[in-house]
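Here are my notes on this model, written as numbered points. Have the structure open while you go through them.

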Amino acid sequence: MAGRKASNAPLVTRQQVSAGGVAFRLRRSEPQVVIVAVGDEARWQIPKGLVDAGESPEAAALREVREEAGIETELLAPIGTIDYWYISDQSGERVRYHKFVHFFLLRYLRGDVRHHDHEVREARWVTVEEAVKMLAFKGEREVMIKAGRLIESLQ
C-alpha cells in the first residue's frame, strides 16, 4: 500500500452516538425537507451531529438542525436509528467506530436556511423525492423515505 504504513497496533473500538432530523414544511400542500451539503465533496446529507454529554438525542437533533440548517423546529416523532462502522486515524491512532444515528421528524417553525453554520456549504429546501435522489448515503435515503411516509400520514 503506497503512502500508508502497516500498523501492528491493536485497533481501538469506540461507540459514537449522533442525532439528526428531517425538518419539513408544507409549500402549496407539498412537503419540502431540508438537506445540507457537507465536506470537501459537498455530499448532501440529513442535518445531524454528535450527541453532547448529558444531552438527549432529541435535544441534539433540534440543536444540529438549528446549527446546520439555520432553522428552528419542533420534534414530532422518531423516524428510526441507523448504525454503521468506520475507521478513522486520529493522532496516529487507528480507531474503529460503531456509530448509531437517531433520526427524528421535525416540523419547521421559523428561520432561514441561508443562516447555516460554517461546517455546511449549503442548506436547501427540496421535495422528499428530490432528497432521496440527492442524499449521498443509502441509510439516509431510507430514513428520508420513512420520513416521507410519516409526513403523508400527518396530512
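**Notes on the model**

1. Starting with a local spot: Arg66 touches Ile71 and Glu72, once residues up to four places away in sequence are left out. Keep in mind throughout that this is a predicted model. Arg66 is found in helix α1. With a relative accessible area of 36%, Arg66 is partly exposed, since buried would need under 20% and exposed over 50%. If you want a long-range distance to check, Arg66 and Lys133 sit 67 residues apart in sequence and 24 Å apart in space, C-alpha to C-alpha.

2. Staying with α1: the helix has 13 residues and reaches 17 Å from its first C-alpha to its last, close to the 18 Å expected at 1.5 Å a residue. Its buried residues are Ala60, Ala61, Arg63, Glu64, Val65, Glu68 and Ala69. Note that Arg63, Glu64 and Glu68 are on that list. What do the buried residues of α1 pack against? The partners are β1, β2, β4, β5, β6 (93–111) and β7 (120–127). Just after the helix, Gly70 takes a positive phi of about 75 degrees.

3. Now the overall layout. The protein chain has 3 helices and 7 strands, and along the sequence they follow the pattern β-β-β-β-α-β-β-β-α-α. Its C-alpha atoms fill a box of roughly 60 × 30 × 25 Å along the principal axes. Of the 155 residues, 40% count as buried. Among contacts in the chain with a separation of 6 or more, 71% come from residues 24 or more positions apart.

4. On to α3, residues 138–154. Why does its length look right for a helix? At 1.5 Å a residue, its 17 residues should span 24 Å, and the end C-alpha atoms are 25 Å apart, which agrees. Glu140, Val143, Met144, Ala147, Gly148 and Ile151 are buried in α3. Seen down the axis, these buried residues fall within an arc of 150 degrees, so they line one face of the helix. The general background is that an α-helix has 3.6 residues a turn, so residues three or four places apart point the same way. On the other side of α3, Lys138, Arg149, Glu152 and Ser153 are exposed.

5. The largest pocket may interest you. About 350 Å³ of space lies in it. Its lining counts 16 residues, and Gln45, Lys48, Tyr84, Phe137 and Glu140 lie nearest the centre. The elements giving two or more residues to that lining are β3 (43–45), β4 (48–50), α1 (57–69), β5 (71–90) and α3. Which classes of residue make up the lining of the largest pocket? There are 4 nonpolar, 4 polar and 8 charged residues. Glu140 turns up twice in these notes: it is one of the buried residues of α3 and one of the residues nearest the centre of this pocket.

6. Two neighbours in strand β1 are worth a look together. Gln16 is found in β1, which covers residues 12–27, and Val17 lies in that strand too. Are Gln16 and Val17 buried or partly exposed? Gln16 is buried, with a relative accessible area of 14%, whereas Val17 counts as partly exposed at 29% relative accessibility.

7. As for what these two touch, leave aside residues within four places in sequence. Gln16 is then in contact with Leu50, Tyr86, Tyr97, His98, Lys99 and Phe100. Val17 touches Leu50, Val51, Phe100 and His102. Leu50 and Phe100 appear in both lists. Val17 and Leu50 are 33 residues apart in sequence and 5.9 Å apart in space, C-alpha to C-alpha.

8. Last, a couple of backbone angles to check. Arg28 has a positive phi of about 55 degrees although it is not a glycine. Arg28 is found in the loop between β1 and β2 (30–38), and at 82% relative accessibility it counts as exposed. Ala42 is a further case: its phi is near 55 degrees, a positive value in a residue other than glycine. Ala42 lies in the loop between β2 and β3, and is partly exposed, with a relative accessible area of 24%.

Notes. Residues are numbered from 1 along each chain as its sequence is written. This is a predicted model: local features need pLDDT of at least 70, side-chain atom pairs count only at pLDDT 80 or more; totals for chains, interfaces and linings use all residues. Side-chain values use heavy atoms; hydrogens and water are left out. Helices (H or I, at least four residues) and strands (E, at least two) are DSSP runs, numbered from the N terminus. The expected span of a helix is 1.5 Å times one less than its number of residues. Buried means under 20% relative accessible area, exposed over 50%, partly exposed in between (1.4 Å probe, protein chains only). The arc is that of the directions from the helix axis to the C-beta atoms. Contact means heavy atoms within 4.5 Å. On a 1 Å grid over the protein atoms alone, a cavity is a set of points where a 1.4 Å probe fits but cannot get out, and a pocket is an open set with protein on both sides within 12 Å along at least five of seven lines; lining residues have an atom within 4 Å of a point. Grid points are joined across faces, edges and corners, and a volume is the space filled by probe spheres set on the points. Ala, Val, Leu, Ile, Met, Phe, Trp, Tyr, Cys and Pro count as nonpolar, Asp, Glu, Lys and Arg as charged, and the others, Gly among them, as polar.
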